[in-house]
Amino acid sequence: MCDSLSHASYSATFSSLASKTSVSPPPLFPPSFKVPTFSPLTVKPLSSTFTPHAARVTTITTYAATSPSSVPSDASTTTFHGLCYVVGDNIDTDQIIPAEYLTLVPSNPAEYEKLGSYALIGLPSSYATRFIEPNEIKTKYSIVIGGANFGCGSSREHAPVALGAAGAKAVVAESYARIFFRNSVATGEVYPLESEVRICEECRTGDMVTIELGESRLINHNTGKEYKLKPIGDAGPVIEAGGIFAYARKTGMIPPQSK
Amino acid sequence: MASSLVSPSPTSSFISNKKYLGFSAFPSTSQIAIHKCKKRVSKKIVSVMAPQQSERKPATTGSVKTGMTMTEKILARASEKPQLSPGDNVWVNVDILMTHDVCGPGSIGIFKKEFGENEKVWDREKIVIIPDHYIFTSDERANRNVDILRDFCTEQNIKYFYDIKDLSNFKANPDYKGVCHVALAQEGHCRPGEVLLGTDSHTCTTGAFGQFATGIGNTDAGFVLGTGKLLLKVPTTLRFVMDGEMPHYLLAKDLILQIIGEISVAGATYKSMEFVGTTVESLNMEERMTLCNMVVEAGGKNGVVPADSTTFKYLEDKTSLPYEPVYSDAQASFLSEYRFDISKLEPLVAKPHSPDNRALARECKDVKIDRVYIGSCTGGKTEDFLAAAKVFLASGKKVKVPTFLVPATQKVWMDVYTLPVPGSGGKTCAQIFEEAGCDTPASPSCGACLGGPKDTYARMNEPKVCVSTTNRNFPGRMGHKEGQIYLASPYTAAASALTGYVTDPREFLQ
């Protein structure tokens with residue numbers, strides 16, 4: 001899960017949001033799900049640099065943020081700093097996590113870890129440097145840099161889970177396939193960030209990079225170049241909270257977990 | 001049975017089932033507004049006709065309603081809103097949720113964690129659980145995953161669970177079906193106008209029934225299990241118009257490979273793909289399923305084929321629940337429209353390693369192959385096997401390479417062994433396959449389409465060249481990373497098996 005985040009800027013806001021929403025937790029889910037109150041259509045307009053799928057995901061989460069003082073998502077101080085691993089276009093889910101490992105159930109903690117150890121193992125041998133060293137179970141690359149249509153192929157949620165379990169914090173790709181993007185946000189496993197140019201052609205595996213989420217910026221320390229990223233927008237708080245359920249709970253959208 | 005639905009608005013295209021006239025009743029081109037896509041989507045039209053550009057006619061009724069596409073209408077109804085536009089995020093009521101042995105356990109785990117160990121699912125009759133992916137294997141975890149499904153279905157009293165216990169003999173399991181997308185259709189869970197979500201990318205297959213069907217992940221599925229709802233964004237629609245009589249050497253697989261090759265693997269990302277035209281109308285349900293099945297290979301969110309008499313006939317003996325088909329309004333807006341003159345198309349393959357790596361089959365005739373695989377939701381249905389049998393029958397010769405046959409479901413397996421192949425003098429597919437030297441049809445499941453555990457039948461464990469009727473050919477898809485997979489129609493696959501090279505089926509079909 002994403003643990004390298006600074007929660008300070010969000011905790012106060014979440015509790016204020018929670019107190020504004022009036023949800024009495026009944027036993028069943030649907031009655032407390034006050035859909036009219038959380039109308040996605042009253043959201044403040046997002047940045048015009050949003051691509052359709054980024055905008056789409058942000059609107060999913062804004063139902064909890066319709067109070068007038070909704071959190072400006074770029075107030076985040078979240079940064080990622082680490083080595084990057086560079087892949088090409090159309091990295092499909094079979095390369096991210098080959099089908100033979102899908103017998104591992106992600107909601108099972110031991111199998112979750114095992115899934116992580118197989119992340120990107122399906123990449124062809126032309127990738128001489130592997131994402132995870134042969135006898136390791138975690139990756140030393142916290143950022144994956146990809147090209148177009150990252151995560152295409154199957155709907156398997158095992159794909160973003162494997163990346164997150166392996167230790168990746170963010171993927172920076174030129175564009176995403178929809179189910180992978182949606183799964184990344186719903187699980188909160190990795191931040192699916194989008195670049196404006198083909199960063200995959202300008203970075204090399206092993207380069208040290210920093211991503212400043214609040215500034216929507218990626219810095220490659222080996223080349224000295226900086227790149228603008230498309231703002232993660234309202235998808236950010238969802239991922240930071242730990243996924244769609246955690247976020248919905250945190251913001252009072254759904255009742256606390258029953259024991 | 002189908003309920004007739006007649007809308008008072010003259011702009012609506014809701015049609016009574018009894019009076020359905022097919023798309024010939026529509027002025028199919030002149031009133032469609034075509035919006036130019038902002039992105040670099042290829043506008044190349046493979047056909048004689050260019051896209052029609054016309055002004056949108058102003059509403060004449062004074063009604064404020066704008067025309068909606070099929071997908072928009074289905075989502076509008078499911079979200080109880082009178083009007084929707086692409087880009088809207090809406091909470092949708094789910095009619096059917098499907099899951100299988102690979103993603104079911106994970107979805108169940110999330111459901112229990114988030115809603116509680118003792119919580120009940122939102123509707124025990126709207127969840128269909130179909131083990132199909134890793135079934136006939138000694139992999140303990142795979143077997144355990146089917147057990148997890150069973151335990152959940154028992155405690156939740158799930159109505160539709162197509163269980164399997166005896167792995168050594170699929171026929172000993174009366175409930176077991178096989179490939180989920182084919183089973184959903186055959187068991188009558190697909191109805192026009194409904195919303196069907198599944199934890200599998202090829203859930204889009206059943207859009208062939210004029211419903212909104214798309215794939216979701218475990219977390220979304222866990223959410224649906226508890227609430228029966230999901231937040232979805234309304235996609236814009238790309239319209240694909242295919243007119244003309246289907247040449248005898250082409251199948252729906254060729255049509256969709258043509259389209260994917262045209263727009264690329266990301267050409268339909270976040271979009272709906274609507275298939276209309278006289279060619280589409282001439283397709284039977286299984287061929288329409290093949291068409292919609294590979295929508296995801298173009299990045300598409302869902303695919304739809306308008307329901308018509310073919311659909312209603314298919315559903316007659318399968319579902320007793322009422323349904324209401326919906327149709328795109330004449331004034332609906334489509335992002336782009338592509339027109340194909342089918343008579344100009346030729347049998348295709350998708351070369352390694354991408355479904356959009358389109359090539360003419362006849363131009364690959366020097367590609368030597370090691371094996372042929374006929375199976376999966378894409379190419380392992382009854383119609384697919386009938387098609388392959390037709391080619392073997394026409395040739396009368398034996399295959400030159402191992403030819404693996406994996407019927408998608410028990411019903412398909414039965415058809416392979418009982419249905420007479422037209423023009424064969426009463427022979428069944430199975431007999432024709434045997435005479436041609438194919439492998440014996442295997443136990444129905446997803447099989448080697450996606451590789452699977454190492455002991456999966458027909459899995460590619462060494463680098464081989466395979467012509468396959470399946471849906472993806474990314475590196476490692478069928479097992480070995482250096483495997484070379486040529487995606488093709490059942491006609492092309494059978495023809496290739498007979499020569500040992502990628503072969504245009506016209507070599508055998510006169």
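Here are a few exercises on this two-chain predicted model, each with a worked solution.

Ground rules: local features need pLDDT of at least 70, side-chain atom pairs count only at pLDDT 80 or more, and totals for chains, interfaces and linings use all residues. Residues are numbered from 1 along each chain as its sequence is written, chains are lettered from A in the order in which they are written, and side-chain values use heavy atoms, with hydrogens and water left out.

**Exercise 1.** Work out how the rings of Phe136(B) and Tyr176(B) are arranged.

*Solution.* Start with the cut-offs: rings of Phe, Tyr and Trp (its six-membered ring) pair if their centres lie within 6.5 Å, with planes under 30 degrees apart counting as stacked, over 60 as edge-to-face and the rest as tilted. Here the centres are 5.8 Å apart and the planes sit at 85°, so this pair is edge-to-face.

Next, look at where the two residues are. Phe136(B) is in the loop between strand 4 and helix 3 of chain B, while Tyr176(B) is in the loop between strand 5 and helix 4, 40 residues apart. (Helices, H or I of at least four residues, and strands, E of at least two, are DSSP runs numbered from the N terminus.)

Last, check burial: buried means under 20% relative accessible area, exposed over 50%, partly exposed in between (1.4 Å probe, protein chains only). At 21%, Phe136(B) is partly exposed, whereas Tyr176(B) at 1% is buried.

**Exercise 2.** Find how strand 1 of chain A pairs with strand 5 and with strand 2 of that chain.

*Solution.* Two strands pair if DSSP finds at least two bridges between them. Strand 1 (residues 79-86) and strand 5 (residues 208-212) share 5 bridges in the antiparallel sense, with Thr79(A) opposite Glu212(A). Now turn to strand 2 (residues 141-145): 4 bridges join it to strand 1, and the two run parallel. One of the partnerships here is Tyr85(A) with Val144(A).

**Exercise 3.** Describe the interface between chain A and chain B.

*Solution.* First, count residues: the contact (heavy atoms within 4.5 Å) takes 57 from chain A and 57 from chain B.

Then take the buried area, which is the accessible area (1.4 Å probe) that two parts lose on being put together, summed over both. The chains bury about 4,700 Å² between them, 55% of it on carbon and sulfur atoms. Thr103(A), Arg178(A) and Phe245(A) supply 16% of the area that chain A buries against chain B, more than any other three residues.

Finally, go for the salt bridges (a side-chain nitrogen of Lys or Arg within 4 Å of a carboxyl oxygen of Asp or Glu). There are 6 between the chains. Lys454(B) forms a salt bridge with Glu100(A), with the closest N and O atoms 2.8 Å apart.
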